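Let's take a walk through this protein together, starting from a single spot and working outward. Keep the viewer open and click along as we go.

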Amino acid sequence: PCLTWLCSPLAERTGKVLGEFCRCYKEQYGVALFNSVRYEIEGNGGPQAQLLHRKVPLEDHVIYSGNLFQYIEENKKWRNRFCVVPHNYGLVLYENKLAYERDLQPRVLVNSAGYKILTSVDQYLELVNSSLPGVTPKSGHSPILKCPTDFPLILWHPYARHYYFCVMTGKEQEKWRAVFQDCVRHCNNGISEDSKVEAPAFTDAVRMYRQSKEQYGTWDMLCGNETQVLSNLVMEELLPELRTTIGPRLKGKAQERQRTWIQISDAVYRMVYEQTKAQYDAVTAKCEQERPQMESTIRTDMDQIITSKEHLASKIRAFVLPKAEICVRNHVQPYISSILEALMTPTSQGFAEVRDVFFKEVTDMNMNIVNEGGLEKLVEYMEKLSHLAFHPVKMQSCYEKMDQLKLEGLQQRFDVSSTSVFKQRAQIHMRQQMDDAVYTFETLLHQELGKLQGKDELCKSIQRILERVLKKYDYDSSTVRKKFFREALLQITIPFLLKKLAPTCKGELAKFQELIFEDFASFILVENTYEEVVLQSVMKDIMQAVKEAAVQRKHNLYRDSMVMHNSDPNLHLLGEGVPIDWGEEYSGQPAAEPAADKRRRAKQVVSVIQDDEGVLPYEVGAEVLTQPSSPEPREPQEPQEPDPGPPPSSPDGVEEIQEALAKESLGTEERLTNADVPSGASVHHATPAPPKPGADVPAEAEVPHATPASPTPGAETLSPPASVACHQPSDKETGEEVAPLEGKCSPSPPTATTESSEGVQTEF
């Protein structure tokens, strides 16, 4: 659709929103810089983590790669695509596996921040029908999307382009869904926590801007990096106007109007993104330029700034606190314990599952070493274990515990739009704690290897180190969860209190501005100080509720008075060393190898179900749709030249594809059933239950001696497919970036793109 007539009004409206936001950002930047310098000087007395933290967890690895079918809207055809998920969690779609191995340009680069993963066409149609009110296909008419199999995977975004995939078995669908959800979870968390000034300045500016529009509470679209979050902020205001302006102009059947609306929304989103990126980059560059002078002033006048801020806070406190305390007593305090219990149960179950999964993986490894051999097998298993936290399928049992989080009536009372913010945050903590536990385990084991002689000593050492790491995990898990509970309670209650107090307090805040010295006005804001006073009014009750839960040992929380003295004083020094590469260090293979071979042989975290080397049941156009093959690890084969002969005619429509699938189903049923079971897998013997956490003082867990057993059936295996070295998904998190054609520049983002029947990206 041509949007030329909309460009000027859109740019003007976008510029107005961004202008207001940038003013908020510049104000918050000074406050965040002051807080950062003050924290640096005064320090923090929080508990020290016992587990080590890995700096570069997925270097030279890919999460997953495999084949799936993608629906191309413009020619209404399903085409085979080879999808690679590299270490940065982008989705990289290639023409086929051969194109990937030959280092050709990918078809599409997708960043999944802000997307929802749907596994039902009905779910998708419901969202599409609600996106454009008044436009719903009549009963009996063809829907906007048909799927040739019963296993769709749809990436839906409220503003950006949608992506349609499908696979041939339920097992594939489950695995791809777990992988896609991990991508969304990672990409949503796009604002770096390492930034101690820019990140808090940005998030506080977003919050202040939304509150100025009377929008309090959590926001589901705080997803992705700063530019994408800002684009979502702009689109949130533009979309209702767009519906009103463009909706009546859309022509054709309901399905065509829906398709057109999705394309228009995506095109507008890209235009907004480009303008947002330019304007935000300009304001951050200006703030960075002014930072040295501001920081010099802060360090010189720190005591005076603190005194001035405390004086302002005392005046605001005298005015606000009596009203805030009444509001807390009547509307918040009675519900704190209910909210906390609702948060604690699923979160603690998830962290307990992380502990159990870690224990089981290490125990299985230990038993398999007893059965199969010593150091050689240890290297093989440790390479897999080292990336356990980034295995979406194995971690799924931990993540899905958070699906139980329900705030019921509390959600409406406190105006919490969705619990997804808390679910995702807890899941990120789970993944981090798992990786910290694994990294600590492998660091301690690596240190011990030189002293061990024989298989028996190795197994005893593994068991002993496991017990030490579990003790450290219990302590760190308690610390992380208590902090998460406090932050979640504040996220739920503070916006509610601010909204309640706004009619009687917000209008009176301007009179306090005169109490701030002009020289310090960049570092002290009345609005921020007011929010700190409101926070103090409820913080005592929140701290007390979490403390009582810990005293009662609910969900294995430790008391705040519990301080675990560091039993491994040199452990953190070990963590600063060179990362351990088990394969290179112990396998005896040469370290250097050609880049092309390294690309093909790069390790993969999740094993493949469907590979493009299987039998070909049918073709679509010039691209081959493959059936699932056995996931047995195979040596990489040299790429075969494709047959130059013309491809046979093939079905393009949904009905033809369904018929082709039906014809092949009998011949592939057995192979699909056993698709994820490695050959030679035997029945797994019962393993001992993981040691339960100790009493108040973490103690060495008593673990029964492991009984030798065979490998677990269906265990995930690493497979040889390689990683993305040259084509990384861009930081543009608009939902898609089209790869440039050879010898040409990429189409400009404001211009929407499509794909012709030959599969070449073109402009419309």
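Start at Thr 218, which sits in the loop between helix H5 (198-212) and helix H6 (226-246). Keep in mind as you look around that this is a predicted model. Is Thr 218 buried or exposed? Its relative accessibility is 11%, and buried means under 20%, so Thr 218 counts as buried. Now turn on its contacts, skipping residues up to four places away in sequence: Thr 218 touches Arg 210, Val 416, Ser 417, Ser 418, Val 421 and Phe 422. Two of those partners, Val 416 and Ser 418, are worth a stop each.

Val 416 is in the loop between H11 and H12. With a relative accessible area of 6%, Val 416 is buried. Which residues does Val 416 contact, once neighbours within four places in sequence are set aside? They are Thr 218, Leu 407, Gln 411, Phe 422 and Ile 492. Try a distance here too: from the C-alpha of Val 416 to the C-alpha of Tyr 216 is 9.0 Å, although the two are 200 residues apart in sequence.

Slide along to Ser 418, in the loop between helix H11 (409-413) and helix H12 (420-449). Ser 418 is buried as well, at a relative accessible area of 16%. A polar atom of its side chain lies 3.0 Å from the backbone nitrogen of Ser 420. Beyond its neighbours within four places in sequence, Ser 418 is in contact with Thr 218, Asp 220 and Gln 411. So that's our starting residue again, seen from the other side: Thr 218 is on the contact list of Ser 418, just as Ser 418 is on the list of Thr 218, with 4.5 Å between heavy atoms as the cut-off for a contact.

While you're in the loop between H5 and H6, have a look at Glu 214, which is there too. What is unusual to check here is the backbone: phi of Glu 214 is near 65°, a positive value in a residue other than glycine. Glu 214 counts as exposed, at 56% relative accessibility, whereas Thr 218 in that loop counts as buried. Asp 103 is another non-glycine with a positive phi, of about 65°. You'll find Asp 103 in the loop between helix H2 (97-101) and strand S4 (108-110). Its relative accessible area is 33%, which makes Asp 103 partly exposed.

Next, go into helix H12, where Arg 431 is found. You might want to know whether this arginine is buried or exposed: at 10% relative accessibility, Arg 431 counts as buried. What does it contact, leaving aside neighbours within four places in sequence? The list for Arg 431 is Tyr 89, Asp 182, His 186, Ala 389, Phe 390, Met 395 and Tyr 399. For another distance, pick the C-alpha atoms of Arg 431 and Phe 351: they are separated by 9.4 Å, with their positions 80 residues apart along the chain.

Now for the cysteines. How many disulfides does a search of the whole structure find? The count is zero. Take Cys 183 as an example: the nearest cysteine sulfur, that of Cys 187, is 6.2 Å away. A disulfide needs two cysteine sulfur atoms within 2.5 Å, so Cys 183 is in no disulfide. Cys 183 counts as buried, at 1% relative accessibility. Cys 459 is buried too, with a relative accessible area of 11%.

There's also some empty space to visit. The structure holds five cavities of 30 Å³ or more, and the second largest of them has about 70 Å³ of space. Its lining includes Ser 131, Trp 156, His 157, Pro 158, Trp 261 and Ile 262. Which element gives the most to that lining? Helix H7 (residues 254-300) does, with three residues. By class, the lining has six nonpolar, four polar and no charged residues.

Finally, zoom out. The protein chain comes to 18 helices and 13 strands. Of its 764 residues, 51% are buried. Among contacts with a separation of 6 or more, 80% are between residues 24 or more positions apart.

How values were computed: Residues numbered from 1 in each chain as written. Heavy atoms only, no water. Buried < 20%, exposed > 50% of the residue type's maximum accessible area, 1.4 Å probe, protein only. 1 Å grid on protein atoms, 1.4 Å probe; cavity = no way out; pocket = protein on both sides within 12 Å on 5 of 7 lines; lining within 4 Å. Points joined across faces, edges and corners; volume = space filled by probe spheres on them. Helix = DSSP H or I, 4+ residues; strand = E, 2+ residues; numbered from the N terminus. Nonpolar A, V, L, I, M, F, W, Y, C, P; charged D, E, K, R; others polar. Polar contact = N/O pair within 3.5 Å; in protein donor to acceptor, adjacent residues only side chain to side chain.
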